[in-house]
Amino acid sequence: MTNPVWTDASVIVVSEDVPRAAVLAARFPEAELSTTGAPDPEPGQPLASCLVVLADADAAAAVTRLAPRLTADAVVLVESTRHDRAVPGRHVTEHVTLDGFELDVLEPVGAPPRPAGADAPAAAADDTPAETNPDTTAGTPAHGTPAAAGTSPTTSSAGADTPTAPAPTSSSGREDRDPDRTPAPTRSRTTAGTAAAAGGAVLVLVLVVAVVVAQLTTTGYVGFAVTALALSGAAALAGLALLQRRGIRALRASLEADRARERSARSRLERRLADVGTGVQADTAALAARVEDVERTLTVVTASALETARRLPEPRGAETFTDPAELQAMHQTQAVANLFALVPVRGVIPFMGGWAASPDLVVVLVQEVLTRRPALVVECGSGVSTLWMALVIDHFGLETRIVSLDHDPEYAEQTRQTLRDHGVAHVAEVRDAPLGPAGLEGHDTDWYAVEAIEDLHDIGLLFVDGPPDTTGPLVRLPAVPLLRDRLAPRASVVLDDAVRAGEQEVTTRWQAVLPDFTLTRLPLQKQASRLRRG
């Protein structure tokens with residue numbers, strides 16, 4: 001099937017290439033351009049009886065999105081220049097060529113065959129017009145209604161004007177508002193039918209005259225026979241001349257109508273191309289304005305950067321970076337950057353350093369959690385270390401929980417609120433553990449209430465950063481003796497503030513209590529000791 005006539009169809013053309021789509025849209029009297037990313041149809045928009053999807057658009061998505069805009073018997077045409085044009089629920093029934101576009105006709109799977117003329121109410125294919133009987137009414141029913149695509153009834157009267165075909169209807173059932181849109185093949189067939197009927201009438205007349213002349217000749221009326229023959233010849237010639245004039249007049253009218261349709265299509269195409277050109281010019285102007293704004297911004301930024309560079313002090317030599325304070329500041333800055341790059345943060349982070357855990361120590365604790373995956377982390381003293389470990393456990397989905405002991409109820413509640421602010425209160429538990437006798441022989445300094453640790457077992461990481469040193473001598477010593485039997489087979493013990501003499505003594509005594517643990521002294525801001533088993 002080549003170059004079918006769809007001129008009476010209201011169509012939606014879907015393509016990302018608007019100029020190319022406009023060329024095809026100009027072939028239709030009522031066409032609308034759309035793209036794959038266009039908004040979904042709104043209620044009340046007019047229906048279309050034909051959907052055309054070009055090669056650069058997603059056919060399946062277009063059919064699904066525009067289904068509310070299509071009539072029940074709408075035709076779906078998909079450009080067949082690609083191989084991935086499958087549309088769920090539809091299959092290719094035929095291939096057509098329309099103004100140079102190779103298109104596949106997609107019908108619903110299981111649908112009955114579409115009768116001839118049902119898709120294009122005006123005509124069938126251009127290349128093989130169907131013959132019509134000029135003495136009978138032509139037309140094929142389409143979907144239960146009389147077809148308007150056939151040749152209209154004609155008679156053999158030589159004096160009749162060229163028959164006028166009934167006004168065609170579109171595939172959506174609406175009457176065409178412009179009679180000049182009647183396709184050229186239909187008019188050609190109508191004119192041919194009229195000419196054939198008139199030619200038949202002349203032939204019958206000649207045959208009748210021939211019979212009369214033969215009869216007169218046999219009866220002896222030769223003069224009458226010659227006269228009748230001459231009159232019939234003159235009548236035949238006059239009829240043929242009349243038919244010729246009317247045929248030429250009809251052909252001229254048909255050509256004029258074709259030219260008018262061509263001019264109209266060209267005018268629509270020119271208007272649409274003008275609209276596209278206007279849109280492109282507007283986009284180009286907007287882009288140029290944006291580029292100008294960016295250039296101005298870059299000029300300002302460049303000038304600011306140059307001014308800042310001019311005001312910077314002269315570069316210092318490498319020997320000036322050996323100052324311990326500066327090196328320590330650089331280490332802490334890098335540790336903070338590592339922490340913030342490791343996990344997303346949802347709120348304000350409490351201050352790190354001073355009496356709280358320093359950033360480099362927090363990095364050590366986070367590494368212990370990530371690499372050794374302890375089932376339980378126990379902290380002696382809650383705070384910023386509790387928050388960072390909870391963030392890491394929650395972000396990486398670890399099966400680890402934290403229990404943090406704190407002797408100060410107000411500070412404990414502050415830590416709980418911080419955990420809630422960051423959405424990790426379900427990971428860490430802060431227990432109120434007031435100070436009291438530890439029950440450790442030879443040690444009189446208070447420690448956390450032993451009731452707070454009675455249910456703790458299989459401790460994979462024990463971090464000791466409390467109670468405060470002002471509580472008494474060797475205040476952190478009871479942690480290991482009281483929790484030694486609750487440590488997991490693969491456990492780590494980390495003690496902060498090992499730069500102090502008291503914590504160094506505590507480390508030495510812990511080594512005696514944990515002979516199967518290996519000691520590592522960590523060169524952090526406030527020093528730390530780590531004992532590890534397994």
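## Helix α2 and the strands

Which strands does α2 lie across, and at about what angle does α2 run to β3? In this predicted model, α2 lies across β1, β2, β3, β4 and β5, and its direction is at about 160° to that of β3.

Helix α2 covers residues 59-66, and 6 of its 8 residues are buried, so the rest of the structure largely encloses it. Here, "buried" means under 20% relative accessible area. Who's tucked away? The buried residues are Ala 59, Ala 60, Ala 62, Val 63, Arg 65 and Leu 66. Their cover includes β1 (10-14), β2 (30-34), β3 (48-53), β4 (70-79) and β5 (90-98).

Take a look at the start of α2, too: Asp 58 has a side-chain oxygen that comes to within 3.2 Å of the backbone nitrogen of Ala 60.

## The sheet

Now for the strands. There are 6 of them in an open sheet, and going across you meet β2-β1-β3-β4-β6-β5, with mixed pairing. The edges belong to β2 and β5; each has a single partner strand, so one side of each has no neighbour in the sheet. From one strand to the next, the twist averages 25°.

Strands in a sheet pair through backbone hydrogen bonds, and they can be parallel or antiparallel. For a parallel case, check out β3 and β4, which are joined by 5 bridges. You can spot Val 53 there, with Val 78 in β4 as its bridge partner.

## The other helix

Helix α1 takes up residues 18-25. This helix lies across β1, β2, β3, β4, β5 and β6 (101-108), and it runs at about 165° to β2.

Technical notes. Residues are numbered from 1 along each chain as its sequence is written. This is a predicted model: local features need pLDDT of at least 70, side-chain atom pairs count only at pLDDT 80 or more; totals for chains, interfaces and linings use all residues. Side-chain values use heavy atoms; hydrogens and water are left out. Buried means under 20% relative accessible area, exposed over 50%, partly exposed in between (1.4 Å probe, protein chains only). Helices (H or I, at least four residues) and strands (E, at least two) are DSSP runs, numbered from the N terminus. Contact means heavy atoms within 4.5 Å. A polar contact is a pair of N or O atoms within 3.5 Å; within protein, one must be able to donate a hydrogen and the other to accept it, and residues adjacent in sequence count only if both atoms are side-chain atoms. Two strands pair if DSSP finds at least two bridges between them. Axes are lines fitted to C-alpha atoms, for helices over the stretch in contact, and angles run from 0 to 180 degrees between N-to-C directions.
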